[in-house]
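Colleague: I've got a model open and would like a close look at a single part of it. Could you walk me through one residue and its surroundings, with a bit of the whole chain for background?

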Amino acid sequence: MGDIVVWTYHPYISGIIEAIPAAALVYHCVDDLAAIPGVDATIFRIMEDNLLARADLVFTTSPYLQDHCARIAGPRAIYERNVADIEHFAEARQSGAIPDDLGRINGPKLCYIGVLSDYKLDLDFIEKCIQLSPDWNWIFIGEEPERQSNPIIARLAERSNVHFLGYKTYDVLPDYLRGIDVALLPNLTSGYMSGVFPMKLYEYLAAGKPVVATRMAALSALAEQISIIDTPQEMVEAVTTILASPPEPIALGHPDLANFSWNARLDRMMQRLVPIIDA
């Protein structure tokens, strides 16, 4: 079968490492999993440190994770942020159908797509923003995770300008993005989210939508392409500006977008990996 590469997203693979005669071991660190509620952080850190010491190559998806991994992996740690299927989400730029549940909503549409996890979303912040903007429609595509029942989400569901449309399959997400005005990343900025580069960012940009995001550390380099805000009032001001004068979408060929497709990132990763396999 040729050279074998063990490519892992999790440190609990010690038995696999010993059992497989791999030409290279790659750790793709996409989250600070030890910070997720319920995870045994002490054991996880021990296992992760062992993996970081052994891995031939470590890819990280945020500046926080890069600093975290480089303390052991050193130059073997490479920052490669999360990316998107640019071609798929660019379908939202083309004329086409709007899903019925979205099309029935009249007025400005602000939208967040993703799991409604209360350790990811700043629900208190969102509620304050919604209270400041009763004339806008706040749309959430996704569901609460199993065993979560957050009271803020329950309160928001009772408001006439808040619409929880539930889970939607990946193939129809461009259709929903086609019908909105502003894409949102109203995430927490500490805890688990300190290590996150939101995967939805490049999907939103590929769809040609203006993005308003809370000040996550990983997004600081994108300040020219998105609106980064700190307070509910700043959120309202940023959206008001966008609705009054919608910005031109970033060009699909712009390096700030084109360089962050799955294929572009994989090409860069392989340029790092192939010399290790061939050594």
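**Charges, chain and D32**

Modeller: Let's begin with charge: the protein chain has 21 positive and 36 negative charges, and the mean positions of the two sets lie 1 Å apart. Bear in mind that this is a predicted model.

Now the background. You're looking at a chain with twelve helices and ten strands. Its radius of gyration is 20 Å, close to the 19 Å that the globule rule gives for 279 residues, so the chain is as compact as a globular protein of that length. Laid along its principal axes, the C-alpha trace spans about 60 × 40 × 30 Å. If you take the contacts with a separation of 6 or more, 70% of them are between residues 24 or more positions apart. The chain exposes about 13300 Å², and carbon and sulfur atoms supply 52% of that.

For the close-up, go to D32. You'll find D32 in the loop between β2 (24-29) and α2 (41-54). Is D32 buried or exposed? The relative accessible area of D32 is 5%, and buried means under 20%, so D32 counts as buried. Across the chain, buried residues make up 49% of the 279.

Next, the company D32 keeps. Leaving out residues up to four places away in sequence, D32 touches R45, Y64, L65 and Y192. Take R45 from that list: the side chains of D32 and R45 are joined by a polar contact of 2.9 Å.

Methods. Residues are numbered from 1 along each chain as its sequence is written. This is a predicted model: local features need pLDDT of at least 70, side-chain atom pairs count only at pLDDT 80 or more; totals for chains, interfaces and linings use all residues. Side-chain values use heavy atoms; hydrogens and water are left out. Helices (H or I, at least four residues) and strands (E, at least two) are DSSP runs, numbered from the N terminus. The radius of gyration is taken over C-alpha atoms; the globule rule is 2.2 Å times the number of residues to the power 0.38. Buried means under 20% relative accessible area, exposed over 50%, partly exposed in between (1.4 Å probe, protein chains only). Contact means heavy atoms within 4.5 Å. Accessible areas come from the Shrake-Rupley method with a 1.4 Å probe; for residues, only the protein chains shown count as cover. Lys and Arg count as positive and Asp and Glu as negative; His and the chain ends are not counted. The place of a charge is taken as NZ of Lys, CZ of Arg, CG of Asp or CD of Glu. A polar contact is a pair of N or O atoms within 3.5 Å; within protein, one must be able to donate a hydrogen and the other to accept it, and residues adjacent in sequence count only if both atoms are side-chain atoms.
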